[in-house]
Amino acid sequence: SDLAEQGLFFVPDRGLLSRRLTVRQQLELMETRFRMRSTRDVIAETDPGELTDRFADQLSGGEERRCELALALVRNPRCLIADEPFARIAPRDRHLVHDALRRFAASGCAVLVTGHEVEDLMAVSDEVVWMVAGTTHGIGSPEEAEQHPQFRREYLGPRRMIGE
């Protein structure tokens with residue numbers, strides 16, 4: 001709770017939403033608890049439509065992911081950690097996640113994302129840090145990561161180029 005009070009918000013790879021409340025009720029509770037951003041503003045910004053009146057078990061995986069990011073937007077964190085933010089997102093909705101993550105960064109929020117969706121992650125990243133076998137490699141920009149020999153060989157594969 002102390003970290004939440006200081007502005008940290010963690011979006012796990014699944015299971016953030018309560019199964020007993022509608023998405024709107026959860027957004028309103030977050031607004032009431034932290035008094036940061038209005039639910040109405042976030043709904044207008046993210047356009048979840050009828051999703052706000054549903055319960056989590058009535059949402060597809062991608063819809064649930066979008067609503068979890070809306071919760072984070074209401075919270076307006078100083079630091080956002082998002083584990084697998086592109087998981088279960090339909091191709092046509094990927095831009096919504098891109099936009100939300102960029103919106104966080106533009107507001108001054110530190111954003112840390114993890115995942116395996118290389119193209120999506122590179123599109124929203126300023127810096128790439130690769131963690132493998134207990135070692136952390138600060139690689140640099142997405143362009144530098146694309147050219148990093150070990151990252152290409154061990155993660156992307158020798159013939160794989162980002163965007164192909």
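Is Glu84 buried or exposed? Select Glu84 and find out: this residue is buried, with a relative accessible area of 15%. Keep in mind as you click around that you are looking at a predicted model.

**Stop 1: two residues with positive phi**

While Glu84 is still selected, look at its backbone. Glu84 sits in the loop between β2 and α5, and its phi is near 55°, a positive value in a residue other than glycine. That deserves a glance, because most residues other than glycine have a negative phi.

Now go to Asn76, in the loop between α4 and β2 (79-83). Asn76 is not a glycine either, yet its phi is positive, about 55°. Its surroundings can be compared with those of Glu84: Asn76 is partly exposed, at 29% relative accessible area, whereas Glu84 is buried at 15%.

**Stop 2: α4 against α5**

Show α4 (61-75) and α5 (94-106) together. How do their axes run? The two helices pack at an angle of about 15°, and their axes are 11 Å apart. That makes α4 roughly parallel to α5, since any angle under 35 degrees counts as such. The crossing is left-handed.

To see what fills the contact, show side chains. From α4, pick Arg66, Leu69, Ala72 and Leu73; these meet Leu96, Val97, Ala100, Arg103 and Phe104 of α5.

Next, move to Arg94, which belongs to helix α5. Arg94 is buried, with a relative accessible area of 18%. Which residues does Arg94 touch, leaving aside its neighbours within four places in sequence? Colour Phe86, Ile89, Glu117 and Asp120: Arg94 is in contact with each of these.

**Stop 3: salt bridges**

How many salt bridges does the structure hold? There are nine, and a few of them are worth a visit.

Begin inside α4. Select Arg65 and Glu68, which form a salt bridge with closest N and O atoms 2.6 Å apart. Both partners lie in helix α4, three residues apart, about one turn of the helix. Check their accessibility too: Arg65 counts as buried at 1%, and Glu68 counts as buried at 0%. Then add Arg66, Arg92 and Asp93 to the selection, a set joined into one network by salt bridges that share partners.

Now try Glu63, whose salt bridge partner is Arg54. The closest N and O atoms of that pair are 3.3 Å apart. Arg54 counts as partly exposed, at 22% relative accessibility.

Finally, select Asp53 and Arg24, another salt bridge, with the closest N and O atoms 3.1 Å apart. This pair links distant parts of the chain, as its two residues are 29 residues apart: Asp53 is in the loop between α3 (39-46) and α4, while Arg24 is in helix α2 (residues 23-34). Arg24 has a relative accessibility of 29%, and therefore counts as partly exposed.

**Stop 4: down the axis of α8**

Hide what you have and bring up helix α8, residues 149-156. Which residues of this helix are buried? They are Phe151, Arg152 and Leu156. Turn the view until you look down the axis of α8: its buried residues fall within an arc of 100°, so they line one face of the helix.

Rotate to the face turned away from that buried side and you will find the exposed residues Pro149 and Arg153. What covers the buried residues of α8? Switch on α6 (118-124), β4 (128-132), β5 (135-140) and α7 (142-147), which are included in that cover.

Before leaving, click on Gly157, just after α8. Gly157 takes a positive phi of about 100°.

**Stop 5: back to the start of the chain**

For the last stop, select Gln6, in the loop between α1 (2-5) and β1 (8-11). With a relative accessibility of 52%, Gln6 counts as exposed. Then select Arg78 and draw a distance between the C-alpha atoms of the two residues. Gln6 and Arg78 are 72 residues apart in sequence, and their C-alpha atoms are 7.7 Å apart in space.

Note on methods:
Residues are numbered from 1 along each chain as its sequence is written. This is a predicted model: local features need pLDDT of at least 70, side-chain atom pairs count only at pLDDT 80 or more; totals for chains, interfaces and linings use all residues. Side-chain values use heavy atoms; hydrogens and water are left out. Helices (H or I, at least four residues) and strands (E, at least two) are DSSP runs, numbered from the N terminus. Buried means under 20% relative accessible area, exposed over 50%, partly exposed in between (1.4 Å probe, protein chains only). Contact means heavy atoms within 4.5 Å. A salt bridge is a side-chain nitrogen of Lys or Arg within 4 Å of a carboxyl oxygen of Asp or Glu. The arc is that of the directions from the helix axis to the C-beta atoms. Axes are lines fitted to C-alpha atoms, for helices over the stretch in contact, and angles run from 0 to 180 degrees between N-to-C directions. Angles under 35 degrees count as roughly parallel, over 145 as roughly antiparallel, 65 to 115 as roughly perpendicular and the rest as oblique. A crossing is left-handed if the near helix is turned anticlockwise from the far one by less than a right angle, and right-handed if clockwise.
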